[in-house]
Amino acid sequence: MPVWTFPNTVFFLRRNMKHNHNIYSIDSIAYNSKLNSWNPEFKIIFSLLSLFACVLSADIFVPVFVIISMAAISIILGKTDQRSYFKLMTVPLAFIICGAIATAVDISAEPTGDYILDLNAFFIHTTNGAVFKAVQTALKALGAVSALYMLTLSTPVHEITSAMRRIHIPKLIIELMELIYRFIFILAQVYHTLNTSAGSRLGYNGLKTSFRTFGTIAANLFIISLKKAGMYYDALESRCYTGELLFLREKKPLRSRHVAFAVIYFISVITIMYLQAVN
Amino acid sequence: MKHTDTNIILSVKNLSYSYSEDRQALKNISLDIRRGERIAVVGSNGAGKSTFFLNLNGVLTPEHGEIVFEGNAITKKNLLELRKNVGIVFQDPDSQIIASTVMAEISFGPMNMRLPHDEVISRTLKAMEYMNITHLSSRPPHYLSGGEKKCVSIADIIAMTPQVFIFDEPTVGLDPVNACMLEDVLDRLYNEGKTILLSTHDVDLAYRWADRTVVFNEGEVIADDTPENVFADDNVLKKARLCRPSVYEIYGALREKGIIRSKKCPRSVGELKKLIDAI
């Protein structure tokens, strides 16, 4: 879901800017995905069900299945570029790994646990159980992210919000989501422009200069983005915008083969859960 | 309050606006705009043209004074009526375009007007046809070329079928081919009886296209007359830091030498050529 991908979006954008990519990357990936023609509500339900399956599963098999299958769906069925997919994945992965280490490791004055690192003043230690638990949590989180990535990388944001509107999620939340999503792009765009122009004036020549440049950009970024955001809002208002971003939606009917696909998918998930419970 | 002159579509009365306390952007402006007029708004940067336009469309609320559309003074209640009937094509298409496909983008205005679904579709298709961009309908607008983006941003407004079109510096950043396309669109809109306001720094365009030229300077209207009269007035030109259209200058020089006798100054290069050919 977009809310999830905000930080990721920015990181991804910043990375790609170095390679001179267009900054509308996520939107364009979603737009170019072969899954874009699938019914958006279907994709939302499909991805949320997989997410719940991941989070509720007691073991690591369901998350592993979801991680692999979602990558396969996005890359093979959706024809999303492999490199973009894995690059995007590294962002949450970094957070997940940090979190996993934090949950597995403990600090104490006494030497306890299965693995101990003696640091003279104190001990860093962990147990087999804690390591397993951390890996399991990490895989669950990664599975959940994969499920949401399948949705984000195949569905333009206004289709998601329009589905949210249909199930009567409060307007305020939807409007905020849409505007934040839009303004993230503005911020990234402005940053890109400032960065390029600073670079062209030797703004990154040496560490000290780089720091100073970064500071100046950060300060200006806010002011310029605010001004731009104001202009964008004026443009919206001049076209009778009253708090809901309404667009003509292309009709994307639910196809029986997609439903069949989902049924097979969840039968596999349940089978995995069942086998694991039996063992 | 009913207006007596039914030919006046939009009337501005004693309009003042300021962004901050110490600087007034618009000072007591009064202007009557008649149906089917072609008005060029000229003036240096920061003269208040864009602010004036945003007031005309109701995005900005006048500090003093009022805007009267078809005899009805605009209040908060009928603000949307004003926005439906006065459309602004913004200078920078990027600040106007929001949707992820061209079709969705153009449908935004009609959707906000809460028109029936079929009507939205037919208007969107018509607007795309009008601007010759039907083949772009499912492309993401942010990837289009500058000229194509301009077409999309004009189609945005055409789909709303306003009475009054406002073009904020439409020729900025367009190549000659697209500038010709723009003038063609302006002519077509004029022939359909639309009222057009256009701000520009291109005095040649203002001179050959407009029926009436309004000169802004530091938030005030310092001249409001036919292009011939405005560009004949040295004081106005000096104050607004404008130069004369080239056709006008050449005509003046030729007349001074007694080469051309015609008393009527030609508007365009073509008309001037005819005069020269007739010698």
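# Group meeting talk: two chains, their sheets and helices

In chain B, strand β9 (residues 212–217) pairs with β10(B) in the antiparallel sense, and five bridges hold that pairing. Hi everyone, that is my starting point today, and please keep in mind that this is a predicted model.

Let me stay with that pair for a moment. Across from B:Val214 you will find B:Asp224, which sits in β10(B). Now zoom out to the sheet around them. This is an open sheet of six strands in chain B, ordered β6-β7-β8-β3-β9-β10, and its pairing is mixed. Which strands stand at the edges? They are β6 (86–89) and β10 (220–225) of chain B; each has a single partner strand, so one side of each is left without a neighbour in the sheet. As for the twist, neighbouring strands of this sheet are turned against each other by 20° on average, with direction ignored.

There is a helix to look at here as well. Helix α1 of chain B, residues 49–56, lies across β3 (38–42), β6, β7 (164–168), β8 (195–199) and β9 of that chain. Relative to β7(B), α1(B) runs at about 155°.

On to the other sheet I picked in chain B. This one is an open sheet of four strands, in the order β2-β1-β4-β5, with antiparallel pairing. Its edge strands are β2 (23–34) and β5 (72–73) of chain B, and each of them pairs on one side only. Follow β1 of chain B, residues 8–20, and you can see both of its pairings. With β2(B), β1(B) runs antiparallel and is joined by eight bridges; one example is B:Ser18, whose bridge partner in β2(B) is B:Gln24. The connection from β1(B) to β2(B) is a hairpin through two residues. With β4 (residues 64–69) of chain B, β1(B) is again antiparallel, joined by five bridges. There, B:Ser16 has B:His64 in β4(B) as its bridge partner.

Now let's turn to chain A and its helices. My favourite is α3 of chain A, residues 40–56, which packs against α7 of chain A, residues 157–166, at an angle of about 85° with the axes 9 Å apart. So α3(A) and α7(A) are roughly perpendicular to each other. From α3(A), the contact uses A:Pro40, A:Glu41 and A:Ile44, and from α7(A) it uses A:Glu159, A:Ile160 and A:Ala163. By class, that contact has four nonpolar, no polar and two charged residues.

What about α3(A) and α4(A), which spans residues 61–77? Their axes come within 8 Å and cross at roughly 150°, and therefore these two helices are roughly antiparallel to each other. Here A:Ser50, A:Ala53 and A:Cys54 in α3(A) meet A:Val62, A:Pro63, A:Val66 and A:Met70 in α4(A). The class count for this contact is six nonpolar, one polar and no charged residues.

Finally, how many residues does each chain bring to the contact between chains A and B? Chain A gives 21 residues and chain B gives 28 residues. On the side of chain A that touches chain B, α2 (25–32) and α9 (207–238) of chain A each supply at least two residues. The largest share of that side, seven residues, comes from α9(A). By class, the side of chain A that touches chain B has twelve nonpolar, four polar and five charged residues.

That's my tour, thanks for listening!

Note on methods:
Residues numbered from 1 in each chain as written. Chains lettered and ligands numbered in written order. Predicted model: local features only at pLDDT ≥ 70, side-chain atom pairs only at ≥ 80, totals over all residues. Pairing = 2+ DSSP bridges. Axes fitted to C-alpha atoms, helices over the stretch in contact; angles between N-to-C directions. Contact = placed C-beta atoms within 7 Å. Parallel < 35°, antiparallel > 145°, perpendicular 65-115°, else oblique. Nonpolar A, V, L, I, M, F, W, Y, C, P; charged D, E, K, R; others polar.
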